[in-house]
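Trainee: I would like to work through this structure with you, beginning with its charged pairs and then turning to its strands and helices. Could you start by fixing the terms?

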Amino acid sequence: LTGIIFMLIIQLRARRKLFLMKQSAVTVHHPALCRLFEQCCTELGIKKMPSLYSTLLLKSPVMTGILCPAIYLPSRLIDDMAQDLYQSLRHMLLHELVHYKQRDALTNALINFFHLLYWPNPLVWFAMDEIRNDREIACDTSVLKRLGEENVLAYGNTLIHLAERMSPDIFSSVSGISGNMRPLTRRIRHVAAYQKTTRADGIKSACIGLSIAALLLSLSPVLAVPLNAEHIISLVPDGEKPFF
């Protein structure tokens, strides 16, 4: 219980920093950036667009919010917006919009809840980190599918550019294109080795997913036959005593 309280305090501190960031944020009214944002939403088939804000407290874009989702951009990126940054901004917006489309803010909330509840288990800490890293790689892959293999190098350069100005991960309940150095290095390697997914890869992934789901379902206590003392005694032949 003491550990849960301690973890809760850490998460509340992160939420407070997130609240201060939201308080300092202003709505983006940059005409070119607003047009780019609308184009990215149209490209991803998003009809209900999230809000778009800028803030001085960030060095890389993030997406947060379950009921009122919003994307927050560093003010410096908007101030320095030029032709050479147009492509990088498009990559960043596509990445954050994929987070929004996949409802990763809700995933973050669930991750934080289970991290809080099962904090003593080191495997849970490892699993939570792997889930976050795999989610970022999944977003990178989704963006690369839309950009095409000819833009893989440009997208990788965007990640490297963010790594140079990366800020510490102080928000535990947000999804962003940037992150800690080690996971970001892993993502850059994944982008460098990116290959277009084939139909066979999709079938293979589906079979693995179904196999894991079947295994977990078979281990579910819901499917276990409830055995009570009366049931066991009824199975013992007449004239014999049960072992208990």
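Mentor: A salt bridge is counted here when a side-chain nitrogen of Lys or Arg lies within 4 Å of a carboxyl oxygen of Asp or Glu. Please keep in mind throughout that this is a predicted model.

Trainee: With that cut-off in hand, which residue forms a salt bridge with glutamate 136?

Mentor: The cut-off asks for a nitrogen within 4 Å of a carboxyl oxygen, and the closest N and O atoms of this pair are 4.0 Å apart. Glutamate 136 is buried, with a relative accessible area of 8%, and its partner is likewise counted as buried, at 9%. The partner of glutamate 136 is arginine 135.

Trainee: How many salt bridges does a search of the whole structure find?

Mentor: Besides the pair just discussed, the side chains of arginine 132 and aspartate 129 meet at 3.8 Å, N to O, and those of arginine 90 and glutamate 43 meet at 3.0 Å. Arginine 132 and aspartate 129 are three residues apart in helix α6 (residues 122-147), and are therefore separated by about one helical turn. For the whole structure, the search gives a total of three.

Trainee: Arginine 132 and aspartate 129 share a salt bridge; is arginine 132 buried or partly exposed?

Mentor: Aspartate 129 has a relative accessible area of 42%, which makes aspartate 129 partly exposed. Arginine 132 has a relative accessibility of 19%, and the limit for the buried class is under 20%. Arginine 132 therefore counts as buried.

Trainee: How many residues apart in sequence are the parts that arginine 90 and glutamate 43 tie together?

Mentor: Arginine 90 belongs to helix α4 (residues 83-101), whereas glutamate 43 belongs to helix α2 (residues 31-43). Both count as partly exposed, arginine 90 at 23% relative accessibility and glutamate 43 at 35%. Because the two residues sit in these two helices, their salt bridge ties together parts separated in sequence by 47 residues.

Trainee: Staying with α2, within what arc do its buried residues fall?

Mentor: Helix α2 has 13 residues and reaches 18 Å from its first C-alpha to its last, close to the 18 Å expected at 1.5 Å a residue. Its buried residues are Leu33, Leu36, Phe37, Cys40 and Cys41, while the face turned away from them carries the exposed residues Pro31 and Thr42. Seen down the helix axis, the buried residues line one face, because they fall within an arc of 140°.

Trainee: Turning to the strands, in which sense do β2 and strand β4 pair?

Mentor: Strand β2 (residues 51-55) pairs with strand β1 (residues 26-27) in the antiparallel sense over two bridges, and there valine 26 stands opposite serine 54. With β4 (residues 70-74), β2 pairs over five bridges, and threonine 55 stands opposite proline 74. The sense of the pairing between β2 and β4 is parallel.

Trainee: Finally, what is the area of the nonpolar surface patch that includes Leu117?

Mentor: Leucine 117 is placed in helix α5 (residues 104-117) and is partly exposed, with a relative accessible area of 38%. The buried residues of α5, among them Ile111 and Leu116, fall within an arc of 130° seen down the axis, so they line one face of the helix. Leu117 joins Ile66, Leu67, Leu106, Leu110, Phe113, Phe114 and Tyr118 in a patch of about 820 Å².

Definitions and conventions:
Residues are numbered from 1 along each chain as its sequence is written. This is a predicted model: local features need pLDDT of at least 70, side-chain atom pairs count only at pLDDT 80 or more; totals for chains, interfaces and linings use all residues. Side-chain values use heavy atoms; hydrogens and water are left out. Helices (H or I, at least four residues) and strands (E, at least two) are DSSP runs, numbered from the N terminus. Buried means under 20% relative accessible area, exposed over 50%, partly exposed in between (1.4 Å probe, protein chains only). Two strands pair if DSSP finds at least two bridges between them. Patches are made of residues with over 30% relative accessible area and no salt bridge: like charges are joined within 9 Å, nonpolar side chains (Val, Leu, Ile, Met, Phe, Trp, Tyr) within 5 Å. Accessible areas come from the Shrake-Rupley method with a 1.4 Å probe; for residues, only the protein chains shown count as cover. The arc is that of the directions from the helix axis to the C-beta atoms. The expected span of a helix is 1.5 Å times one less than its number of residues.
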